[in-house]
Amino acid sequence: MSCATAHTITLAGALGHLVDVEVDVSQGLVGTNLVGRPDTAINDARERCRSAISNIQLTWPATRRVTILLSPADLPKRGPQVDLAMAVGILAATGQVPDLLLDETVFLGELGLSGQLRPLPAALPMVMAAARSGARRVVVPQPQWAEASLVPGVEVYGLRSLDQVVGWLRGEEVPDAAPVVARAGARLLQWRGDDRLAHLDLADLEGMAEERLAVEVAAAGGHHLLLKGPKGAGKTSLAERLPGLLPDLTIAESLEVTAVRSLERALGPDAGLVTRPPFSAPHHRSSLQSVLGGGTGVVRPGEISKAHCGVVLLDEFPLFARDVLDALRQPLESGEVTIARGDEIATFPAQALFVLACNPCACGNYAADVGADRCSCSEQVRREYRRRLDGPAIDRIDITREVLPVKEGSIGAADDPPEDTATVRERVAGARLRQAERYAGCPWRLNAQVPAARLRDTWPLPDTGRDRLDEAVRAGTLTRRGAIRVHRLAWTLADLAGRPRPLPADVDVAVRLRTGEPLDSWMLRRAS
């Protein structure tokens, strides 16, 4: 045959797209033409494929016209993983290998001049994209076999050279090939910060009943959290204990988080699935590219994508650069980051729980009850600092709490004894299970992600609670966006308490969590 089609994957950020490598070998002006918006690495693949095919004692069509189309033609293609599919397509088009296995197989691999397959970065998201596209089999370089075999529902073959691939296509026995795996493993991949946070427990924080309730509600429903208060009051301590309240990742979440690690080349040959929610705390001097993603050359995920399905702490967030604060709008609202650069568009997941922490002023010593006596900031500096608290990111925060130092003798019965992390995590896991059952078949997982229109139509509040929200909106206490966030919070409070739907009292607590008003003791008892 003179025509054949092999399949491969190209990445746009964390999203993979199936690419058909169509090869036509015919009479005409001798040469190899590559079309379909390839990048420089793919254009160079012609010479790599020519040398690899010749060096394994097969025939390159040197006297024929070779046309290679990367389809869809309007999609930019990048990366050397196309090499293997291109070589296989040429061999099939010239009749040197059968095409029986090409239809449902995706080929991923960079070729060396002698025909060896070189390791690829980001193999896991490519295999995930192949599985979503309906492929039954994926061929990867042998060093990536363990990583690729984590994806369920697809057969993974780890081969070392083009010679082995040819033998496999011909139905010959392939010596020293990695075994086939068709389901995901469950090994643990250690992520940065795991050891540092493992020993932290919520029971260490005596007092702070309102604040501990706030982090529990945030963990249960995926609600973003704002913590305000003087330095040393415990804001960072609360945020660092928040990942411990989250249940283990599901298989789908583990694959997504591990895929981001693969994109940043953080997976070793024996790596397994990330099973615990990650934590990221970028410094306030971090650049836009390091927080959101970007960089020169290949676009890389930022800190907030590395914490996908986990927790992002932006401590002293008013000190972050203005472009960083403005860019947080998208991930806070949609749970993903899209970076457009020239004709390249890269999308990374960022469905993290954001915790924004700030002091009352730049020096952190201002307190309203004692005035500005201990504060070294001028009024202009304080005003500029507070101005940053009114940006677009703040309006997308569900819960606001003022964290004040616990005074001696102020610990009451509501805090005696404080619950430990394991106890609260069990309650959070139960609330998330109720949400999973309620939203089965929907594209969202948690209350904080439910679209406003669907929330009002399918899961409305009781009439008394709805009237309470309408009254707050008319009085200017809440905006329409704030009312939707209160609606979501009320459902999370009901889920934590095991109730089938929110009560008016849940709406009252949710309003105060949203606005930052103190909670009465009866609210704390009812919420718990």
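**Exercise 1: an arginine in a helix**

Arg488 sits in helix 19, which spans residues 480-497. Find out whether Arg488 is buried or exposed, and which side chain of opposite charge is nearest.

*Solution.* A word on the model before starting: it is predicted, so local features need pLDDT of at least 70 and side-chain atom pairs count only at pLDDT 80 or more, while totals for chains, interfaces and linings use all residues. Numbering runs from 1 along each chain as its sequence is written, and side-chain values use heavy atoms, with hydrogens and water left out.

Step 1. Helices here are DSSP runs of H or I with at least four residues, strands are E runs of at least two, and both are numbered from the N terminus.

Step 2. Check the burial: Arg488 is buried (under 20% relative accessible area; exposed is over 50%, partly exposed lies in between, with a 1.4 Å probe and protein chains only).

Step 3. Look for a partner. Arg488 has no salt bridge (a side-chain nitrogen of Lys or Arg within 4 Å of a carboxyl oxygen of Asp or Glu). The nearest side chain of opposite charge belongs to Asp398, 5.2 Å away; Lys and Arg count as positive, Asp and Glu as negative, and His and the chain ends are not counted.

Step 4. See what does touch Arg488. Skipping neighbours within four places in sequence, its contacts (heavy atoms within 4.5 Å) are His223, Asn447, Ala448, Val450, Pro451, Ala452 and Leu455.

**Exercise 2: salt bridges across the chain**

How many salt bridges does the structure hold? Pick three, and place each partner in its helix or loop.

*Solution.* Step 1. The count comes to 23 salt bridges.

Step 2. Start with Arg241 and Asp204, whose side chains meet at 3.3 Å, N to O. Arg241 is in helix 9 (residues 235-245), and Asp204 is in the loop between helix 7 (194-197) and helix 8 (209-221), so this pair links distant parts of the chain, 37 residues apart. Arg241 is buried because its relative accessible area is 9%, whereas Asp204, at 49%, counts as partly exposed.

Step 3. Move on to Arg468 and Asp508, another salt bridge, at 3.1 Å, N to O. Here helix 18 supplies Arg468 and helix 20 (residues 504-515) supplies Asp508, with the two positions 40 residues apart in sequence. Arg468 is partly exposed at 29% relative accessibility, and Asp508 is partly exposed at 23%.

Step 4. Finish with Arg480 and Asp470, whose closest N and O atoms are 4.0 Å apart. This salt bridge joins Arg480 in helix 19 to Asp470 in helix 18, ten residues apart. Arg480 is exposed, with a relative accessible area of 58%; Asp470 comes in at 28% and counts as partly exposed.

Step 5. Check for shared partners: Glu333, Arg396, Asp398 and Arg485 are joined by such salt bridges into one network. Asp398 is also the residue met in the first exercise, 5.2 Å from Arg488.

**Exercise 3: ring against ring**

How are the planes of Tyr157 and Trp168 set: stacked, edge-to-face or tilted? Then do likewise for Tyr439 and Trp459.

*Solution.* Step 1. The structure has three aromatic pairs (rings of Phe, Tyr and Trp, its six-membered ring, with centres within 6.5 Å; planes under 30 degrees apart are stacked, over 60 edge-to-face, the rest tilted).

Step 2. For Tyr157 and Trp168, the centres are 4.9 Å apart and the planes make 50 degrees, so this pair is tilted. Tyr157 is in strand 9 (residues 155-159) and Trp168 in helix 6 (residues 162-169), so the pair ties together parts eleven residues apart in sequence. Both Tyr157 and Trp168 are buried.

Step 3. For Tyr439 and Trp459, the centres are 5.0 Å apart and the planes stand at 85 degrees, so this one is edge-to-face. Tyr439 is in the loop between helix 16 (421-438) and helix 17 (452-458), Trp459 is in the loop between helix 17 and helix 18 (463-474), and the two are 20 residues apart. Tyr439 is buried at 2% relative accessibility, and Trp459 is buried at 11%.

Step 4. Add Trp444: together with Tyr439 and Trp459, Trp444 forms one aromatic cluster.

**Exercise 4: zooming out**

How many helices and strands does the protein have, and what share of its residues is buried?

*Solution.* Step 1. Counting gives 21 helices and 18 strands.

Step 2. Of the 528 residues, 53% are buried.

Step 3. Now the contacts: among those with a separation of 6 or more, 74% are between residues 24 or more positions apart.
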